[in-house]
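Biologist: Could you walk me through this one slowly? I'd like to know what the words behind the picture really stand for.

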Amino acid sequence: MNGTADTDPPAGSTAPSGLPGPVAFQLVLLRRMADHHPGLVEDALRTLRASRADMRDANRRWQARMHAPRARSGAWPYRALLGTPETVTTRRIGDLTCEALAWPVPLWPDLRFEVLTGTRGAVWNAWLVRAPGARAPDLRTTEDLTPWSCTVDEVARAFAPARPREGSAPTRWQLACTAPGPDGTPQDIVAEFTWGLYQRLTGSAPATPAGGRDLTPSP
């Protein structure tokens, strides 16, 4: 189901910095990834025809928008920069019903930025996911885990069972799982993601971590 609110800003609306809203938002995504892969981020900045100063400014404005005392909540900050969602669908997760809003992100044409909203529009999650119909990577060993190549749910499916761990920032996630190494020997690994996109392996996972639930997506 496609749908938008009557108050949606037009697609491609301009951010306060003067950059088009979708460009400014992609800079926000990149700012969180720059600590891990500065080279990839530099390439992306050239693609967007933006500078590191633009990236820092876009992130500063985003943080100010999100934490302002009278900031509008829910999906509005995303709509304000990204405009009308490409799709709006109703989704069931267990016993709960949520709304999934998705926008294209030109830097990653096979991905979409997805925001899940629940009761009264509260945002449950916001991350990058594989676009409908786009081919997911074939993940067989740890060598297939290359930066920016896969999403949280793809790794969870490939190396089930996967267990979530706390990341180093609100937009970062970790998965502890077991995956074959280059020689086929099982390895306990911890994969780190930023905005749902794979960044790196951060270390070895304990074989039986305390707590943590299986994050393998339901079929």
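**Cores, contacts and a patch**

Modeller: Sure, and keep in mind that this is a predicted model. In the largest nonpolar core there are 36 residues, and Leu27, Leu29, Leu30, Trp108, Phe113 and Leu128 have the most contacts inside it. Helices H1, H2, H3 and H4 and strands E2, E3 and E4 each bring at least two residues to this core. The most comes from H1, which gives eight. Apart from this core lies another of 17 residues, including Leu145 and Val155.

Biologist: What makes Leu30 touch a residue such as Trp148?

Modeller: A contact needs heavy atoms within 4.5 Å. Trp148 is on the list for Leu30, so the two have heavy atoms within that cut-off. Val41, Ala44 and Met55 are also among the residues Leu30 touches.

Biologist: Why is Trp124 called partly exposed?

Modeller: Its relative accessible area is 37%. Buried means under 20% and exposed means over 50%, so Trp124, at 37%, falls in between and is partly exposed. You'll find Trp124 in strand E4, residues 123-130.

Biologist: And what makes Trp124 fit for a patch with Ile93 and Leu96?

Modeller: A patch residue needs over 30% relative accessible area. Trp124 has 37%, so it passes that cut-off. Together the three form a nonpolar surface patch with about 290 Å² of accessible area.

Biologist: How much of the whole protein is buried?

Modeller: Of its 219 residues, 45% are buried, so those have under 20% relative accessible area.

Methods
Residues are numbered from 1 along each chain as its sequence is written. This is a predicted model: local features need pLDDT of at least 70, side-chain atom pairs count only at pLDDT 80 or more; totals for chains, interfaces and linings use all residues. Side-chain values use heavy atoms; hydrogens and water are left out. Patches are made of residues with over 30% relative accessible area and no salt bridge: like charges are joined within 9 Å, nonpolar side chains (Val, Leu, Ile, Met, Phe, Trp, Tyr) within 5 Å. Accessible areas come from the Shrake-Rupley method with a 1.4 Å probe; for residues, only the protein chains shown count as cover. A salt bridge is a side-chain nitrogen of Lys or Arg within 4 Å of a carboxyl oxygen of Asp or Glu. Helices (H or I, at least four residues) and strands (E, at least two) are DSSP runs, numbered from the N terminus. Buried means under 20% relative accessible area, exposed over 50%, partly exposed in between (1.4 Å probe, protein chains only). A nonpolar core is a set of buried Ala, Val, Leu, Ile, Met, Phe, Trp, Tyr and Cys residues joined through side-chain atoms within 4.5 Å. Lists of a residue's contacts leave out its neighbours within four places in sequence.
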